[in-house]
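Work through the exercises below with the sequence and the coordinates at hand. Each task is followed by a solution in steps.

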Amino acid sequence: EAPLLKRRLSEGGKMGVFWFALGSPALVELAISCGGDAVVLDMQHGLFDRRDLEAAVGCVPPSIPCLVRIEDDSAAAVSRALDAGAEGVLVPMVETSTQAAAAAAACHFPPKGNRSGGGVRPLADFGAYRRAADEAITVGVMIETARGVANAGEIAAAPNVDFVFIGSGDLALSLGSDGAALEEALRTVLEACVAADKPCGVFTVNAEEASRRAGQGFSITVAANDLSAVMAAFEASYRTFKTG
Ligand code: 3PY
Ligand code: MG
């Protein structure tokens, strides 16, 4: 049987993930008791340090895939995430197939790749971990620049890339547009992924946008993120207090 995240992706279901930036393992544990098809822990822009990350990954039950959006495309960033026990990574700012293939190679042990063995959770039973890892570890590469969009076909088809995830916020910055040009770029990347037979996800800012994007064919969207959820709850409560 295929590992969890790969199985979900291959079944073609639409995943609404919970995205965490605030760096709180407790918040991860509370939030996923409410649902969520997968968890993303953001090490690029979020507040997780290495110990928070280890604790947060430990809060995610085996029935929920846990991904880490890593700091950059380095082998060191890949190691930190996978050694903590994450099932997969999201690699930010990928612009070429060479970069995508190198990041994917860093996620797999030799001979499939060049990942270094270690980490507290893996070393608890390294033989078993190593046997499962190369099949289980799932590599998502983020397209979030105009250059990445131009190279979307070759990035999606790069060896050991399992899915593409569009960073819609950075892509809007790169294109200088959050309107028609962004929509066209999203379509271009989605079509390139369909042609390469790879799932395509997109960062979304709220649940309405997430389900709309799922309806357009995106496999992974962000159903909720901790920053917006906490802000919305505080705002609503204080409004209720003020208005009685
Ligand atoms: C983006 O939208 O640019 C992301 O990286 C998601 O946070
Ligand atoms: Mg980004």
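The exercises treat a predicted model and cover aromatic pairs, one helix, a metal site, two loop residues and the nonpolar cores.

**Exercise 1. Aromatic pairs**

Task: Classify the ring pair of Trp-19 and Phe-165, and place the two residues in the chain.

Solution:
- Step 1. Ring centres within 6.5 Å make a pair, and by this rule the model has 6 aromatic pairs.
- Step 2. The ring centres of Trp-19 and Phe-165 are 6.1 Å apart, with an angle of 20° between the planes, so the pair is stacked.
- Step 3. Trp-19 belongs to strand S1 (residues 15–20) and Phe-165 to strand S6 (residues 163–166); with these positions 146 residues apart, the pair links distant parts of the chain.
- Step 4. Trp-19 and Phe-165 are both buried.
- Step 5. Together with Phe-203, Trp-19 and Phe-165 form one aromatic cluster.

**Exercise 2. The buried side of helix H3**

Task: Find which residues of H3 are buried, and determine how they are arranged around the axis.

Solution:
- Step 1. In helix H3 (residues 50–58), the buried residues are Leu-53, Glu-54, Ala-56 and Val-57.
- Step 2. These residues cover an arc of only 170° around the axis, and therefore lie on the same side of H3.
- Step 3. Their packing partners are helix H2 (25–32), strand S2 (39–42), strand S3 (66–69), helix H4 (75–83) and helix H6 (120–124).
- Step 4. The N-terminal end of H3 is capped by Asp-49, which has a side-chain oxygen 3.1 Å from the backbone nitrogen of Arg-51.

**Exercise 3. The magnesium site**

Task: Identify which residues coordinate the magnesium ion (ligand 2), and decide whether Glu-144 is buried or exposed.

Solution:
- Step 1. The coordinating residues are Glu-144 (OE) and Asp-170 (OD), at 2.0 to 2.2 Å.
- Step 2. Glu-144 sits in the loop between strand S5 (138–143) and helix H8 (146–150), while Asp-170 is in helix H10 (residues 168–175), 26 residues apart.
- Step 3. The relative accessibility of Glu-144 is 2%, so Glu-144 counts as buried.
- Step 4. For Asp-170 the value is 23%, so Asp-170 counts as partly exposed.

**Exercise 4. Two loop residues**

Task: Describe the surroundings of Thr-145 and the exposure of Asp-125.

Solution:
- Step 1. Thr-145 is located in the loop between S5 and H8.
- Step 2. With a relative accessible area of 10%, Thr-145 is buried.
- Step 3. Not counting residues up to four places away in sequence, Thr-145 touches Met-93, Glu-95, Leu-171 and Ser-174.
- Step 4. The side chains of Thr-145 and Glu-95 are joined by a polar contact of 2.7 Å.
- Step 5. Asp-125 is in the loop between H6 and helix H7 (126–136), and its relative accessible area of 48% makes it partly exposed.
- Step 6. From Asp-125 to Asp-162, 37 residues apart along the chain, the C-alpha separation is 26 Å.

**Exercise 5. The nonpolar cores**

Task: Determine how many residues the largest nonpolar core has, and which of them have the most contacts inside it.

Solution:
- Step 1. The largest nonpolar core has 58 residues, and Leu-41, Val-141 and Val-189 have the most contacts inside it.
- Step 2. Helix H11 (residues 180–195) supplies the largest share of this core, 7 residues.
- Step 3. Beyond its neighbours within four places in sequence, Leu-41 is in contact with residues including Phe-20, Val-28, Phe-48, Leu-53, Ala-56 and Val-57.
- Step 4. A second, separate core has 15 residues, among them Val-17, Ala-38, Met-142 and Val-222.

Note on methods
Residues numbered from 1 in each chain as written. Chains lettered and ligands numbered in written order. Predicted model: local features only at pLDDT ≥ 70, side-chain atom pairs only at ≥ 80, totals over all residues. Heavy atoms only, no water. Phe/Tyr/Trp six-rings, centres within 6.5 Å; stacked < 30°, edge-to-face > 60°. Helix = DSSP H or I, 4+ residues; strand = E, 2+ residues; numbered from the N terminus. Buried < 20%, exposed > 50% of the residue type's maximum accessible area, 1.4 Å probe, protein only. Arc of directions from axis to C-beta. Contact = heavy atoms within 4.5 Å. Polar contact = N/O pair within 3.5 Å; in protein donor to acceptor, adjacent residues only side chain to side chain. Donors = N, O, S within 2.8 Å, 3.2 Å for Na, K, Ca; no water. Core = buried A, V, L, I, M, F, W, Y, C linked by side-chain atoms within 4.5 Å.
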